[in-house]
Structures are given as structure tokens and as C-alpha cells.
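Biologist: I have a new model open and would like to go through it. Can you take me round?

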Amino acid sequence: MRIEDPKILEALAEMGVELRSGTALSAETHLGIGGTTDLLSIKSHDSIPDLLNLLDSHHVPHKFLGGGSNLLVQDGELPWVALQLARSEPEVTLAGNFARIDAAADLGRTVTYCAKNDLGGMEGLIGVPGTVGGALRMNAGAYGTQIGTYVREVKLYRAAARKLETLRGDQISFEYRHTSFAPDDMMLAVKLELPSKPFKEILQGIRICNEKRRASQPLGQKSAGCIFKNPPGASAGRMIDELGLKGLSVGDARVSDRHANFFVNAGTASASDMLSLIADVRERVAKNFGVTLEHEVVLWLA
Ligand code: EPU
């Protein structure tokens, strides 16, 4: 979708919002898949209520883009514009055991920064790609760590109330890959409380998680991480593997040979290739195990 109305363009410029016209989201997502739209880069949190009012009053549909690491976007010209927070400086501010982090900050970089300041707890999250905001929204986790455990405060834009709000950690529920945020809430910043730990000890934990990840996940390839959530008490990856589906492909969309719950883009896969593969695997798992797998990956489909 393209914004061409000069009134909107002028208002965006006044708000300090940068418009990247005709951006291919295939270049903004880790899967390397996705059509084209205008990307609006937001520099100041305070401009968000006015920006959203502007878009709504001109009937411009929009979606919030984080780091694009857990996202499958449809092909072609997209029927929404994408909004993204620009990176800010400093991304992390520390005070004792509290870390105030901008939602646009890279999660891995943040974990490392906190570690260097003797703040641990998040070792398991080191290899999880994406932004802190994205991790927060879906309570990212790995190797026994979930970000939600450490959340004490979240600053967000609440689309329903059309205003910026700050929630305490105990006002938010964090479950397995799920939070109580509304789908159109936009994460802006978070305050974490992290346990003190010597850097060397944290580094050891980070190394162990990195090794496990390297041994079991296709890190060098384009993917959105795990495609399906694990059903209670079971492993989606193991079920898909047991059905012998590693290597199954539709066009360049392919079930990874290394981890069966990772579907990779081995070249120039389209969203429809990937969606067909997802539907096929889901159907086979349902038929053989009687389990309907839920998507873990976020889908942007009209
Ligand atoms: N397994 C197989 N074949 C496979 C893949 C896995 O037999 O192809 C078996 C493993 O041997 C193991 C079990 O299935 O016994 C579980 O596998 P793994 O330890 O790799 O963990 P997972 O449950 O598949 C989850 C998260 C990952 C996270 C890892 C490590 C989900 C959907 N996935 O994977 O998160 O990195 O644990 O904590 O919860 C993601 O969210 O995108 C993601 C990759």
C-alpha cells in the first residue's frame, strides 16, 4: 500500500516519521519472504497517538513490525502499511538490578550488554533473534528462560484506548509463547529486574546455550524459528521428524534437515509456497497423531 496523499505525507514529515516508500518486506524478515508496502519509521514514542489518529482518519490500515524474525508475510502489494520503531540511543539504561530497555533494541545485544554489567537470568535467550519488543509481545523463551519472568513494567501504545500507558508486570499475564497484550498493542519499552551474577558465570551459561542451539537448529539458513508451538506435553519437531518429513518441500520452502519444526527458505520461496508446506505438515500431523498444531510464527495475511 502506498501513501500518496500530500496532506498525509506533510503530516508525517511534521511528526518526524520517516517514510520508506515501496519497501520489500522480504528484506525485513528473517524468512526472506513478503510483499511490498510503505514502511513508516517512528523516531519518538510521543508521536505515536497522533500518527495512529492520522492513519485511522485517512483509513490507512497498518501493522506493527518488530525485528521480522518470527513473521511470515504474504506476497505481492500488501494492503497495509508497516510501522516500525527506529532504534534509539541509549537502548538500555541500568539502575541497580533494573534494566530499562527500548522495544526496538536487539534482544541478543541486550542480553550481552546486561551480562557485561553482571546482570544475568537471560542466558537462554541469547540466540533468540529479534527485538526486545517482539520477545516481550510473545513471551519469547528458550532453554528454560522466558522473558516474562523478569518484566516489572511495560510502556506501550494501547490502540483500544488510543494512548500511551505503563503497565506493571503483575498486570500482564505471561504464558508459553503468549501474553495478555491485545494484538494491536505496540510495545515501546520495558523495565526488567535481573539477578546479579558475575559476567564469567553468565558467559558460561551463554556458551552452553549457543552450543545446544548450533547442534540442533539450522542457524545459517533463512527461517522464522519454530513454525508451530509445542502442544502440551509433546514436541512438534519430534512429531514432524517421526513422520519422516525432514526435507519435504514446496518450491524453495523446505522442512529443515536439522530441526523438523524449522521451515527454511532455501532460495526464493514465496509466502504461498511456505503456507502450502505449513498446511501439508499440519494435516499430516493431525492425521497421524490426532493433534492440531498451532502456529508459533506470526502470519500477515489479508
Ligand atoms: N526433536 C527431534 N527431531 C527434530 C527436532 C527435535 O526428534 O527434528 C526432538 C529433540 O531431540 C528433543 C525434542 O524433540 O528431544 C525437543 O527438541 P528441542 O530441544 O530442539 O526443542 P523444541 O521443543 O523443538 C523449543 C522451542 C525453541 C527453543 C528450544 C530450546 C518451541 C516451539 N520451540 O524447541 O524455540 O529454541 O525449545 O529451548 O517452543 C522458537 O520459539 O522459534 C524456537 C525455536
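Biologist: What radius of gyration does the protein chain have, and what would a compact globule have?
Modeller: The protein chain has 20 Å, which agrees with the value near 19 Å for a compact globule of 302 residues. The radius is taken over C-alpha atoms, and the globule rule is 2.2 Å times the number of residues to the power 0.38. This is a predicted model: local features need pLDDT of at least 70, side-chain atom pairs count only at pLDDT 80 or more, and totals for chains, interfaces and linings use all residues. Residues are numbered from 1 along each chain as its sequence is written.

Biologist: How many helices and strands?
Modeller: The protein chain has 7 helices and 19 strands. These are DSSP runs numbered from the N terminus: helices are H or I with at least four residues, strands are E with at least two.

Biologist: Which domains is the protein chain divided into?
Modeller: Domain 1 covers 6-85, domain 2 covers 92-200 and domain 3 covers 219-300. The bounds come from an automatic or database domain assignment. The C-alpha centres of domain 2 and domain 3 lie 27 Å apart.

Biologist: On to the ligand. How many residues surround the ligand?
Modeller: The count is 15, and the closest are G225, C226, G237, D241 and A260. A residue counts as near if its C-beta atom, placed from the backbone, lies within 6 Å. Two or more residues each come from β15 (222-226) and α6 (236-242).

Biologist: Which element gives the most to that shell?
Modeller: α6 does, with 3 residues.

Biologist: Now strand β11. Is β11 in the open or buried?
Modeller: Of the 6 residues of β11 (residues 163-168), the number buried is 0, so β11 lies largely in the open. Buried means 20 or more other C-beta atoms within 10 Å of a residue's own, exposed means 12 or fewer, and partly exposed is in between, with C-beta atoms placed from the backbone.

Biologist: What does β11 pair with?
Modeller: β11 pairs with β10 (residues 151-158) in the antiparallel sense over 6 bridges. Pairing needs at least two bridges found by DSSP. R158 stands opposite K163 in β11, and the hairpin has 4 residues between the strands.

Biologist: What is the phi of R162 in that turn?
Modeller: Phi of R162 is near 55°, a positive value in a residue other than glycine. R162 is exposed, with 12 other C-beta atoms within 10 Å.

Biologist: Last one. Where is P90 found?
Modeller: P90 is in the loop between β5 (81-85) and β6 (92-95). The peptide bond from E89 to P90 is cis, with omega near -5°.
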